[in-house]
Amino acid sequence: MASPMKTKSVWFCTSCGNESPKWMGQCPACGEWNTMVEEKVAKGPSSERKVASLSKDSVSVRLSEVGTDDSQRISLHIAEVDRLLGGGLVRGSLVLIGGEPGIGKSTLSLQIPMMNPELKVLYVTGEESLAQVKMRASRIGGNQDNCLIYSQTCIEDVIQEARRVNPDLLIVDSVQTMYSYSLEGSSGSVSQVRECASLLLRYAKESGTPIFLIGHITKEGSIAGPKVLEHIVDVVLQFEGENRGAYRLLRGIKNRFGSTSELAVFEMTGTGLREVTNPSEMLIPMHAEGLSGVAVCAMLDGTRPFLIEVQALVSSAAYGTPQRSATGFDQRRLNMLLAVLEKRSGFKLAQKDVFINVAGGLKVNDPACDLAVICAVLSSNFDLSIPADLCFAAEVGLSGEIRPVSQTDRRVSEAARLGFKRIFVSKYASVEHVMKGIEVVKVGDVTELVKNLFKE
Ligand code: TYD
Ligand code: MG
């Protein structure tokens, strides 16, 4: 007699979800070491067939006859989230919100129904009890009448309930707590996470219901999470930032319906997350006059310019090998910039410890920060402060030349708007529409910069 359900072992990479029939030290797909974990999977028919019936109109149609229902985007009344989504939530889309525990994923996802009482929302909680969600909702405030809450961890039951209720928006918190009864293995394993997400995806596409799916990531990536799901879902939004600090950054990592180079800033307050529409305010209260090692960069994240503070500390190395460490900035780029200072401008930094920190827990990858990093390092090295009304926006090349960056005029305008009096840019930057009240200083190389900056 054949057993009803056979199981076999497969190995999954917890970093990228790659599947392999045997254990390997290094994942062949993503190259990570020690990420393969064993899981038992059942060789039965997939539950997708049991749960989801394909919609009836699954026949091919002419592309020209397909309507674009862009007007069908739903506004969530949180302008920053709408902007990240590319102008509102698209019907039938599956949006993953990833982030470390405690960063604010549940808060944001509960804030959406509270601020949109006209939407019928089904909020599925697999982590917290109904009373805990209620407490959080009362803390956030807002209208709770049209929000249904359901405590469940079996994904098939979640989908069944969603079919019954037919909400305008489904929120599932979190994917790691959900399981499908068709699979072996505990919730949170790679195969469970992937199965739950694909069942939800199928429900979203079939019913046109948008879904917010919450996923945890840990620093080590030890729990199967957003990385595994990135290719299944339509949109990935990721929370970043220090969860001890007040600011939380929500970044678009993937978006099938909009740009990914967008960033939204939120502040965690006593009553939920508050949008920070002017992110430069992150920097201004922290900026003290007369400190050495501080330089302000007019950077661009996505399409928005904002100003950010770069801090540097340069001190004599206590041990033989100097330390170089960067928080929020690429360490290799820092090493390159230090080498440029050493070789092209003759600053003796080889025997110095250099630490760089970008304020606000932000990770920057805009090359326009180069100049601010160099100036912060020099300022700390000489112990000479940079005037507080001065900022920088330029890239530094390998031969010490100062290169222009994209949209210099917008950076200059943002700096002027925030009351900065002088900005250093590349000699080659085109700054046509200069706002009044700011002096644009054009410099060609590091030597010229130093002469200009520390001449007083
Ligand atoms: P939470 O949304 O539970 O994080 P996640 O779901 O990503 O794990 O956020 C929890 C943190 O936010 C917790 O430390 C408490 C804090 N918090 C506030 O500061 N203010 C609030 O209004 C709420 C609801 C939470
Ligand atoms: Mg949570």
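**Close-up 1. Arginine 136 and its neighbours reach for ligand 1 in this predicted model.** A polar side-chain atom of arginine 136 sits 3.1 Å from one of the ligand's oxygen atoms. Serine 106 also joins in with its side chain, where an N or O atom lies 2.6 Å from an oxygen of ligand 1. Threonine 269 uses its backbone instead: an N or O atom there is 2.7 Å from a nitrogen of ligand 1. On its own, ligand 1 has 550 Å² of accessible area, and the protein covers 76% of that.

**Close-up 2. Here's the shell of residues around ligand 1.** There are 15 residues around the ligand, and those that come nearest are Gly102, Ser106, Thr107, Thr269 and Gly272. Sorted by class, the shell holds eight polar, four charged and three nonpolar residues. Which elements give two or more residues to this shell? They are α3 (105-115), α4 (130-140) and β11 (263-269). Helix α3 supplies the largest share, with three residues.

**Close-up 3. Now for helix α6, which runs over residues 190-207.** With 18 residues at 1.5 Å a residue, α6 should span 26 Å, and the C-alpha atoms at its ends are indeed 26 Å apart, so expectation and model agree. Plenty of names turn up on the helix's buried list, among them Val190, Val193, Ala197, Leu200 and Ala204. In general, an α-helix has 3.6 residues a turn, so residues three or four places apart point the same way. Just after α6 comes glycine 208, with a positive phi near 75 degrees.

Terms used: Residues are numbered from 1 along each chain as its sequence is written. Chains are lettered from A and ligands numbered from 1 in the order in which they are written. This is a predicted model: local features need pLDDT of at least 70, side-chain atom pairs count only at pLDDT 80 or more; totals for chains, interfaces and linings use all residues. Side-chain values use heavy atoms; hydrogens and water are left out. A residue is near a molecule or strand if one of its heavy atoms lies within 4 Å of it. A polar contact is a pair of N or O atoms within 3.5 Å; within protein, one must be able to donate a hydrogen and the other to accept it, and residues adjacent in sequence count only if both atoms are side-chain atoms. Accessible areas come from the Shrake-Rupley method with a 1.4 Å probe; for residues, only the protein chains shown count as cover. Helices (H or I, at least four residues) and strands (E, at least two) are DSSP runs, numbered from the N terminus. Ala, Val, Leu, Ile, Met, Phe, Trp, Tyr, Cys and Pro count as nonpolar, Asp, Glu, Lys and Arg as charged, and the others, Gly among them, as polar. The expected span of a helix is 1.5 Å times one less than its number of residues. Buried means under 20% relative accessible area, exposed over 50%, partly exposed in between (1.4 Å probe, protein chains only).
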